[in-house]
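These are my notes from going through one model, entry by entry. I wrote down what I looked up and what came back.

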Amino acid sequence: MDPCFVPGRILLPEKSVPVSRWACLACDQFTSQPDYWEQAAALASGGPSALDIVLPEVYLDRADAPARIRAIHEAMERYRDEVLTRCVNGLVYVERTQTDGTVRQGLVGLIDLEQYDWRPGTHPAVRPTEGTVASRIPPRLAVRRGACLESPHILMLADDEGRTLVEPVAAQTARLPLLYEGELALGGGSIRGWAVEDPTLLAGVEAALAALGSQKAFDEKYPGAAGAPPMTLAVGDGNHSLATAKAFWEELKPTLPEEERTSHPARWCLAEVCNLHSDAIAFEPIHRVVFGVPGLQLLARLKEWCQAKGIGVDGPAAPGDQAITLVHGAWRRAVRLSGSPEPLAVGTVEAFLADYLKRNPACSVDYIHGEDAVAQLCEAGNTGVLLPPFEKGDLFRGVVLGGVLPRKTFSMGHARDKRYYLECRAIL
């Protein structure tokens, strides 16, 4: 089978464009805090910026979204011709110094969308980690249709305890060409990137990936799934972005002659691959904020729902109990749930909120990174649901043995540690 992650032709802006102005944070962050994106736009004004070629999701459902998308496509055409003057034929090795000082290492390259599928019941080499909501794809697809460029915020994970994939490249930075370095805007830490074009290094990456995705390695790691199709990479961040790229490819593929389907650039999607076992990879729970309901009222509805489902609330402690906390202004209420059919607290909360929102359509929910951000949104008439930590060691095992996790189960680090758009690639 062909590799699921390969080198490609990666584009970068001319050296005169500073990283601090060009790079911008993943578009799916701060979706309830437009002031962040207003600050980002102010910092990016006056010069080329990746912010001009992405649509922050805070604006995704606004009436002016179509006009914004047209402007994005125009900027892509202009940047492709005038700004993205540098090219790497291979991979980009990235070191991201995060807000806590740790350094996240990764390799930027191409995911083969023929070896990825988000639909339940499929077992491709590249798999999502959370349930994909099909209704979230069309608005994002509107941005990708007509786009001549892509820039990645997708982070992929390899279960590489032996550190055979990314780390051997990291050891060679002294002899690799430095592509960029600089501070990231609005408290995002700093970043450096090197070109990886050496045939020996690229062959080493391919060999390591093949070993990680082999049937032998899969059966040894997951004896409970021995003989099933192996899994090589899992999506850490950007599930719906990768699903949108897949949807675009499946839409485009039938219009192409057979010979073009094996080489058309839209068959691949730019992403960064990291090692799950890196000390810099930390999983943070993604909390919920329910808009339009105060805390005591939501607590009462939660108790009623749990009683109807046979789930205990604050009863005698038992193994497997799930802990959540409701927040409303200065009010906080710890809640312990017992006997839920869902294995994780996030699954129980998702099931409750799905039922609650169906019965209360005037309310809405958003998915928030960080307890401080939750607190800011829960001052007036809104209630936060704080979720417990998620153990990263259970990620691959959970996906292999149990299928995808509930949507928005975890986040790789804090919001400002998400991937910044920086590298680009032509998809048409």
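**Arg-68 and its partners**

I began with Arg-68, which is partly exposed, because its relative accessible area is 28% and the band for that class runs from 20% to 50%. I kept in mind throughout that this is a predicted model. Looking for a charged partner, I found that the side chain of Arg-68 meets that of Asp-64 in a salt bridge, with 3.2 Å from N to O. Asp-64 is partly exposed too, with a relative accessible area of 28%. I then asked which ring Arg-68 lies over. The ring is that of Tyr-59, and Arg-68 lies over its face at 3.9 Å from the ring centre.

**Salt bridges elsewhere**

I searched the whole structure for salt bridges and the count came to 28. One that I followed up joins Arg-140 to Glu-57, where the closest N and O atoms are 2.9 Å apart. This pair links distant parts of the chain, since Arg-140 belongs to helix α4 while Glu-57 sits in the loop between α2 (34–44) and α3 (65–82), 83 residues away. I checked the burial of both partners, and Arg-140 and Glu-57 are each buried.

Next I looked at Lys-253 and Glu-250, whose side chains meet in a salt bridge of 3.5 Å, N to O. Lys-253 is buried, because its relative accessible area is 16% and the limit for that class is 20%. Glu-250, at 33% relative accessibility, counts as partly exposed. Following the charges further, I noted that a network of salt bridges links Glu-114, Lys-246, Glu-250 and Lys-253.

**Helix α8**

That network led me to helix α8, which covers residues 239–252. I recorded that α8 has 14 residues and reaches 20 Å from its first C-alpha to its last, close to the 20 Å expected at 1.5 Å a residue. How many of its 14 residues are buried? Ten are, and α8 is accordingly described as mostly covered. Among the buried residues of α8 I listed Asn-239, His-240, Lys-246, Phe-248 and Trp-249. I also looked up what covers the buried residues of α8, and the elements include β6 (126–127), α4 (137–144), β8 (155–158), β11 (233–237) and β12 (268–275).

**Glu-95**

I turned to strand β4 (residues 86–97), where Glu-95 is found. Is Glu-95 buried or exposed? At 14% relative accessibility Glu-95 counts as buried, because the limit is 20%. A polar contact of 2.7 Å joins its side chain to that of Tyr-93. Leaving aside neighbours within four places in sequence, I found Glu-95 in contact with residues including Val-103, Arg-104, Gln-105, Thr-173, Ser-190 and Trp-194.

**Aromatic pairs**

I counted aromatic pairs over the structure and obtained ten. Ring pairs link Phe-30, Tyr-36 and Trp-37 into a cluster, which I marked for display.

**Ala-217**

My last entry concerns Ala-217, which has its place in helix α7 (residues 215–221). Ala-217 is buried, with a relative accessible area of 16%. Not counting residues up to four places away in sequence, I found that Ala-217 touches Ala-211 and Leu-212. I also took the separation from Glu-14, which lies 203 residues away along the chain, and the C-alpha atoms of Ala-217 and Glu-14 are separated by 42 Å.

Key: Residues numbered from 1 in each chain as written. Predicted model: local features only at pLDDT ≥ 70, side-chain atom pairs only at ≥ 80, totals over all residues. Heavy atoms only, no water. Helix = DSSP H or I, 4+ residues; strand = E, 2+ residues; numbered from the N terminus. Expected span 1.5 Å × (residues − 1). Buried < 20%, exposed > 50% of the residue type's maximum accessible area, 1.4 Å probe, protein only. Contact = heavy atoms within 4.5 Å. Polar contact = N/O pair within 3.5 Å; in protein donor to acceptor, adjacent residues only side chain to side chain. Phe/Tyr/Trp six-rings, centres within 6.5 Å; stacked < 30°, edge-to-face > 60°. Lys NZ or Arg CZ within 6 Å of the ring centre and 35° of its normal. Salt bridge = Lys/Arg side-chain N within 4 Å of Asp/Glu carboxyl O.
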